[in-house]
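Okay, thanks everyone for coming. I've got one chain to walk you through today, so let me put it up on the screen.

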Amino acid sequence: MFFRRHWWALIYSLLLIAFTIYIAMNTFVVSEVYTVVTDDSSSQVQSATTTTTQSDDADSTTEASTESESEDEDSGTTVTESSYSDENITITITEYRENDTSIYVADVVLASAEYLKTAFAQSAYGKNVTEKTSSIAEGVGAILAINGDYYGSQENGYVLRNGVIYRDTASSDAEDLVIYSDGDFGIVSESEVTADELLESGAEQVLSFGPALVVDGEVSVSEGEEVGKAKASNPRTAIGIIDSLHYVFVVSDGRTSESAGLSLSELAEFMQGLGVTTAYNLDGGGSSTMYFNGEVINNPTTNGKKIKERSVSDIVYIGY
C-alpha cells in the first residue's frame, strides 16, 4: 500500500540518485582525452638513471656499481644517490627536518631554461586523465620531477604548457605562476591578463594552483589569510627561483606520525629561508611526490595509513 501511494517519490529518488552518481562519475572518474601531445624529441631522451643489479655477492655488486659510475664520469655525467651533474644540469637533493616534518629540497642549476619542462599524464591533455608522477617522469626520461597543478581537477584556469595553450578559460580568483622562455618566474592574476597575452609575452609554462608563497623575496601568505584546509598541516609541493636558472623543487611529507606536514605559511617561510625571490604552491596532499634518478624519494600518502602515490594530471620536471 505504501509503495502504491509513494511510487512517484521512489522513482524520483532513484532518478535523483542515478543522476548524482552520473555527475560524480563524469566529474571525477570518467576520463576524456582532448589532445594527444607528441614530442619528436622523445626518441632522443637521455637517460640519467643508473641501474645496479642486486647480487648475493657483495663484492660483485660493488664492482658493478664502480664500473657504472666510471662510465658516467667518462661521458661527463656524475650520478649519486643525492646528486646529478652534467654539462647542462646540476641537481643536489637535501632532506631537512623542520616543524616536525621531513622536507625534500632539490637545488637545480641549469645552463638553459629548455631543460625545465612540464608533461601531461599519458601524454594527453584531457579530463580525468591521470597517471602516477613516477610513471609520467619515466615516460619522458625525467631526471627530477614533482607533481604539477592537477589542472584536471578543475574546469577553469589557464593551462599553457611547453609554449602551447590548452585551456584559455580564466578563473577569476586564480593566481598563476608563469615560467617564461628565459626561465624567469612571474606571478599573475588571470582576471588581469589573457592566456594569449601571456603566450605573446614569452610564457612557456603557466601553472594554476597557488597561492604565491614568496614574491620579491617576501612571504606573501599568512596564517590569517589562509582558509579552510590550508590552515592544516599537510604534505606540500612547491617550486621557487633563487636566481637566473637557479631553482628549488620542494616536497614535504605529512599526515603521518613521522611527519606532521606544513601549513602554507610554514612552507612560505621555509622557501624564503632557501633564498628564493619567487615561490609558488602546487597541488599538495596525496599528490605531493618527488621523483629523482628513477625513484620516488619522499613518502606520498593520501590518508596517512598507506604510503602510495596518487595519480595526477601533470608534472614539472628537469630533463632533456
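I'll start with the chain as a whole, then go to one strand, one helix and a few backbone spots.

Keep in mind that this is a predicted model. The chain has five helices and 23 strands, and of its 320 residues, 46% are buried. If you take contacts between residues at least 6 apart in sequence, 72% of them join residues at least 24 apart. On the outside, the chain exposes about 16300 Å², and carbon and sulfur atoms supply 49% of that.

Now, the strand I'd like you to look at is E19, residues 278-282. How many of its five residues are buried? Five of the five, so E19 is largely enclosed by the rest of the structure. Both faces are covered: on one side you've got Thr-278, Tyr-280 and Leu-282, and on the other, Ala-279 and Asn-281.

And which strands pair with E19? One is E15, antiparallel, over three bridges; there, Ala-212 has Tyr-280 of E19 as its bridge partner. Another is E17, residues 236-243, also antiparallel, over five bridges. In that pairing, Gly-240 is matched with Ala-279 of E19.

While we're at E15, go back along the chain a little. The loop between E14 (203-208) and E15 (212-215) holds Pro-211, and the peptide bond from Gly-210 into Pro-211 is cis, with omega near 5 degrees.

Okay, helix H3, residues 133-140. The buried residues here are Thr-133, Ser-134, Ile-136, Ala-137 and Val-140. Look down the axis of H3 and those buried residues fall within an arc of 160 degrees, so they line one face of the helix. Just after H3 comes Gly-141, with a positive phi of about 70 degrees.

That one's a glycine, but I also have two positive phi values in residues other than glycine. Tyr-150 has phi near 50 degrees, and you'll find Tyr-150 in the loop between E9 (144-147) and E10 (159-161). Then there's Asn-162, with phi near 50 degrees too, in the loop between E10 and E11 (164-167). How exposed is Asn-162? Partly, with a relative accessible area of 36%.

So if you take one picture away, make it E19: every one of its five residues is buried, with E15 and E17 both paired to it in the antiparallel sense. That's what I have, so let's open it up for discussion.

Terms used: Residues numbered from 1 in each chain as written. Predicted model: local features only at pLDDT ≥ 70, side-chain atom pairs only at ≥ 80, totals over all residues. Heavy atoms only, no water. Buried < 20%, exposed > 50% of the residue type's maximum accessible area, 1.4 Å probe, protein only. Helix = DSSP H or I, 4+ residues; strand = E, 2+ residues; numbered from the N terminus. Arc of directions from axis to C-beta. Contact = heavy atoms within 4.5 Å. Areas by Shrake-Rupley, 256 points an atom, 1.4 Å probe, with all protein chains shown as cover. Pairing = 2+ DSSP bridges.
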